[in-house]
Amino acid sequence: MNKPIRTISVFCLILFVALMANATYLQFFNASNLDEDPRNRRVIEAAYSVERGAILVGRDAVAESEPVDDKYEYLRTYPMPLMYSHLTGYFSFFSQTGVEQSMNPVLSGEDDRLFVRQLVDLLSNKSDAGGNVQLTIDAGAQQAAYDGLSALGGNVRGSVVAVEPATGKILAAVSLPTYDPNNLASHDLTSVSRTYDDLAARDDEPLLNRSIQQTLPPGSTFKLVTAAAAIESGAYTADDQVPGGASYQLPETVGDTGLIDNEGRDCGTTTIPFEQAMEQSCNTTFAALAVEVGAEAMLEQAEAFGFNQRYLEDWGPQAVSVFPEDANAPETGQTGIGQFEVRATPLQMAMVAAGIANDGVVKRPYVVDEIQSAEYDVLEQTEDDDFSRAVSSETAEDLTQLMVATVDNGTASPAAIPGIAVAGKTGTAQSGQDDVPPYAWFTSFAPAENPEVAVAVMIESADIPRGEIAGGQLGGPIAKAVMEAVINQ
Amino acid sequence: MSSSQPGALMGFVHRRRRGAELFLLVLALTVGIGAYAAVGLGVEGVVPADILGYGGGLAALIIGAHVVVRFVAPYADPVLLPVVAALNGLGLAVIRRLDLADGTTFAQQQLTWMTVGVVLFAVTLLVLRDHRVLSRFTYTAGLGAILLLLGPLVPGLGYEVNGAQIWVRLGPFGLQPGEVAKVLLVVAFSGYLVVHRDALALAGRRLLFVDLPRGRDLGPILAMWAVSLGILVFQRDLGSSLLFFGLFLVMLYVATERPGWLVVGSALFFGGAAVAYKLFGHVQNRVNIWLDPLAYFDESPGSGQLVEGLFGMAWGGLIGRGLGQGSPERVPYAESDFIIGAIGEELGLTGVLAVILLYGLIVERALRSAVVSRDAFGKLMATGLAGVLALQVFVVIGGVTRLIPLTGLTTPFLSYGGSSLVANWVIIALLLRISDQARRPVPDLSATDESPDEEATQVVKIPR
């Protein structure tokens, strides 16, 4: 009987080898496929229960992990939830946004830059906590922006973005309406789902980060780009006369639809000084200038400031600001006053002001200043980066002169700060829909001679009568408060 | 018994190797107690307070078993007991780990069952000094097995767990009679086949390269086939059905030395399985899930358990998350059928391969005992016990790792389950008894009825 027993032995050997080969396939070769399956909750829970690093503004944490006594061990908390919700984003069991998402590898401790540190921690038997992220945000500016925008009323939809012109550091970024990310980070997962569904269903889109995720017509603030193109073309300087008049008929058009006016502001007759055109935000002037420099030059100028491009690397997802390609002559005229298909995020308009403030060089905006170990040792400092040269230094000077005049004598006067030269520009953009009120814009920088901060304010809607919506009246004081907060430190 | 023993003829005598067994047992206890400590460290951050009591208890049981072996089966295989001790200890630790996650007390009960198992192990060795005695109980064992298998179908006695009608209630205890039946079946098959092997092997006609047995010899095979299909149909237990029929085929083949039986038997099994697939929804369901488990994840009855187990094993990867660091409690019944999934998650591929190798060792040592056994009954029994272990391990681990369709069976020595644990300890006792008989020096044959000429040669050949 030994021969069949040996055969059975071989058969058993085959069975066991098959088991081992299959286990090896399952746990080694096929493991990553299974790990990536969205239904695999183990992977999600593992990320969910590590001690994430903090997100810091100054010396204060705006997001941190606190030990709790449940199965996930750490609860993500946001000490200043409403003011920083769109910067930090939220860290829920189901999804992440904002810096929580963009810097997840660092915060969760998986980033390679943390590796050596963790190896040391492993040997010294410390916990493997994630790294911290230091934001570029200026707490004072953020507070001023949040307070200013909130003061417009409970139902305001809008955004304020402040940038340091010389570096591209984002100093403040507020988007209203806001939400409380603590409710989404809760370990009560059914309540998280319900909260998320409620937020996602709301018409005023509180989860939308209006600073970078929503583009709207920038209106007259875009006249800065038009003026930049006109001066760069060599045909004008800030002290020259530009086309003026009470009305302007767009090329190739006849009648009212192609007729542009100035809503009652004084824009002279045939020609007026450039400063006056900017002060009074003369539609007739800038439509004419845009037609004069042409669609190609306008597109080039807009793209030099960042339109039609992605530039945010550590915060997102970013909506791309749009300047239309292949616009014809009447459309180009409309783009000159920030209408037609021109759309911009508040961050984009802040970059226009910052580029002018920084002698024509646009810096790449960024929100993460430092990556730190769990023990707050700096592992990496973000280097500032030239994004593009938008205009020459001389052009930047001319534009600054025009913007300072606009604050001193024109529509942007609400942003004036006593004793400091402020450069600014208002905008009130037609929404293009009868039942949607116009969008109020304001962009500025200060001090004009040595800029420390550039600001863009956008108010999409607020509980304010339609007739009173104007960029200068609504946005000017907010921009002023933010600039003061940065300058007076 | 015609099989010759070259070893015995050449005067080779197996060494007892009890010291080696003791050394291996210490290693096995290190695995069991170390895993228990690691579970405490991993889940609660401290070595369990009762580590000394627990370790002492486990060591007492295992050393007690060793002492019994040393006295009543001194020539028994020295590897089997340590391997079983390691598996049992590891199983206890993993069950304890799942208890901590789920708030259950399975480990406590399992330890009690292990004690019962070890006691029965000792009793088997003490009472059964020669395994051939069992051949007297061929038909008793067969009848007992059939009664046990029918038990779950008796109204009021049997009950259903997870769709499989394989349990009987005995007072406060739930008993899985299939686990006990498999031991009785091995005994019954061995006894029957020893007597009828020549008839089964020699009588019959040859048809298409296959030697078919006579019609009347086919009786027991057809009966076994019917029993297997009955289990499949009425108890909805694919695993046991495959196990019993496979066991029978293996033993039939070994007894008759005719591969034809394997052909006939396999044809019968796959034919029956194909018909069952056509007729029964639960069989189709299992096969569909096996082919594409991820597609049935959210359905009910679906593949949630299987896929969670696969996710866990994938998450464990090469070296595992560490005991207490994974979430094996996500898998329903992780402490019984899916314990290999918990091991895969927390001890990784390394742990799974180690466990499979340990099972491979048990089967290898058992088959080795069968080869060196001097009597046909012992050979058949050892092969049968090895075969039933190998098949059970293959069916359950293959099912959990999606090598074959999932069928419910316990993982020997690892899974929570009293019937299974006790039955498997008895299996090991039987194997030790057979190997003790096989490795024991040939009794001095210089008996009185030998001729004086031969007696002289015997004297010369007295070993050492």
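These questions and answers walk through a predicted model with chains A and B.

Q: How many helices and strands are there in chain A?
A: Start with the whole chain: of the 489 residues of chain A, 53% count as buried. Looking at contacts between residues at least 6 apart in sequence, 69% join residues at least 24 apart. As for the elements themselves, chain A has 18 helices and 17 strands.

Q: Which strands sit at the edges of the open sheet in chain A that runs β3-β2-β1-β4-β12-β13?
A: This sheet has 6 strands, and their pairing is mixed. Ignoring direction, neighbouring strands are turned by 25° against each other on average. An edge strand pairs on one side only, and in chain A that describes β3 (74–77) and β13 (378–381).

Q: Which residue in β2(A) is the bridge partner of Ile55(A)?
A: Strand β1 (residues 55–57) of chain A is joined by 3 bridges to strand β2 (residues 60–67) of chain A. The two run antiparallel. Within β2(A), the partner of Ile55(A) is Ala63(A).

Q: How many residues of strand β17 (residues 453–461) of chain A are buried?
A: Look at what flanks the strand. Strand β5 (residues 157–163) of chain A pairs with β17(A) in the antiparallel sense over 7 bridges, and strand β16 (residues 439–446) of chain A also runs antiparallel to β17(A), joined by 7 bridges. The strand is largely enclosed by the rest of the structure, because the buried residues number 8 of the 9.

Q: Which residue in β17(A) stands opposite Val160(A), and which one is the bridge partner of Ser444(A)?
A: On the β16(A) side, a hairpin of 6 residues leads from β16(A) to β17(A), and there Ser444(A) has Val455(A) as its bridge partner. For Val160(A), the residue opposite in β17(A) is Val457(A).

Q: Is Val455(A) buried or exposed?
A: Val455(A) belongs to strand β17 of chain A. Its contacts beyond four places in sequence include Val160(A), Ala162(A), Ala350(A), Ala479(A), Val482(A) and Met483(A). A residue needs 20 or more other C-beta atoms within 10 Å to count as buried. Val455(A) has 34, so the verdict is buried.

Q: How far apart in space are the C-alpha atoms of Val455(A) and Ile170(A)?
A: Along the chain, these two residues are 285 residues apart. In space, the separation between their C-alpha atoms is 9.8 Å.

Q: Which residues have the most contacts inside the largest nonpolar core?
A: That core has 155 residues. A second, separate core has 128 residues, among them Val133(A), Ala141(A), Ile212(A) and Leu399(A). Back in the largest core, the residues with the most contacts are Leu247(B), Met251(B), Leu385(B), Leu389(B) and Leu431(B).

Q: What does Leu247(B) touch, leaving out residues up to four places away in sequence?
A: Leu247(B) is one of the residues with the most contacts inside the largest nonpolar core. Beyond its sequence neighbours, Leu247(B) touches Lys182(B), Leu185(B), Val186(B), Gly384(B), Gly387(B), Val388(B) and Leu391(B).

Q: Which element gives the largest share of the side of chain A that touches chain B?
A: The contact takes 29 residues from chain A and 38 residues from chain B. On the chain A side, the elements giving two or more residues are α1 (2–29), α2 (31–35) and α3 (41–48). By class, that side divides into 16 nonpolar, 7 polar and 6 charged residues. The largest share is 18 residues, and the element behind it is α1(A).

Q: What is the orientation of α1(A) against α13(B)?
A: α1(A) packs with helix α13 (residues 339–372) of chain B at an angle of about 180°, the axes being 10 Å apart. Residues making the contact include Phe16(A) and Leu19(A) of α1(A), plus Leu353(B) and Ile356(B) of α13(B). By class there are 16 nonpolar, 7 polar and no charged residues in this contact. Angles over 145 degrees fall in one class, so the answer is roughly antiparallel.

Q: What is the exposure class of Gln284(B)?
A: Gln284(B) lies in helix α11 (residues 281–291) of chain B. Ala274(B) is 10 residues away in sequence and 9.8 Å away in space, C-alpha to C-alpha. Gln284(B) has 13 other C-beta atoms within 10 Å, so its class is partly exposed.

Terms used
Residues numbered from 1 in each chain as written. Chains lettered and ligands numbered in written order. Predicted model: local features only at pLDDT ≥ 70, side-chain atom pairs only at ≥ 80, totals over all residues. Core = buried A, V, L, I, M, F, W, Y, C linked by C-beta atoms within 7 Å. Buried ≥ 20, exposed ≤ 12 C-beta atoms within 10 Å, placed from the backbone. Contact = placed C-beta atoms within 7 Å. Helix = DSSP H or I, 4+ residues; strand = E, 2+ residues; numbered from the N terminus. Pairing = 2+ DSSP bridges. Nonpolar A, V, L, I, M, F, W, Y, C, P; charged D, E, K, R; others polar. Axes fitted to C-alpha atoms, helices over the stretch in contact; angles between N-to-C directions. Parallel < 35°, antiparallel > 145°, perpendicular 65-115°, else oblique.
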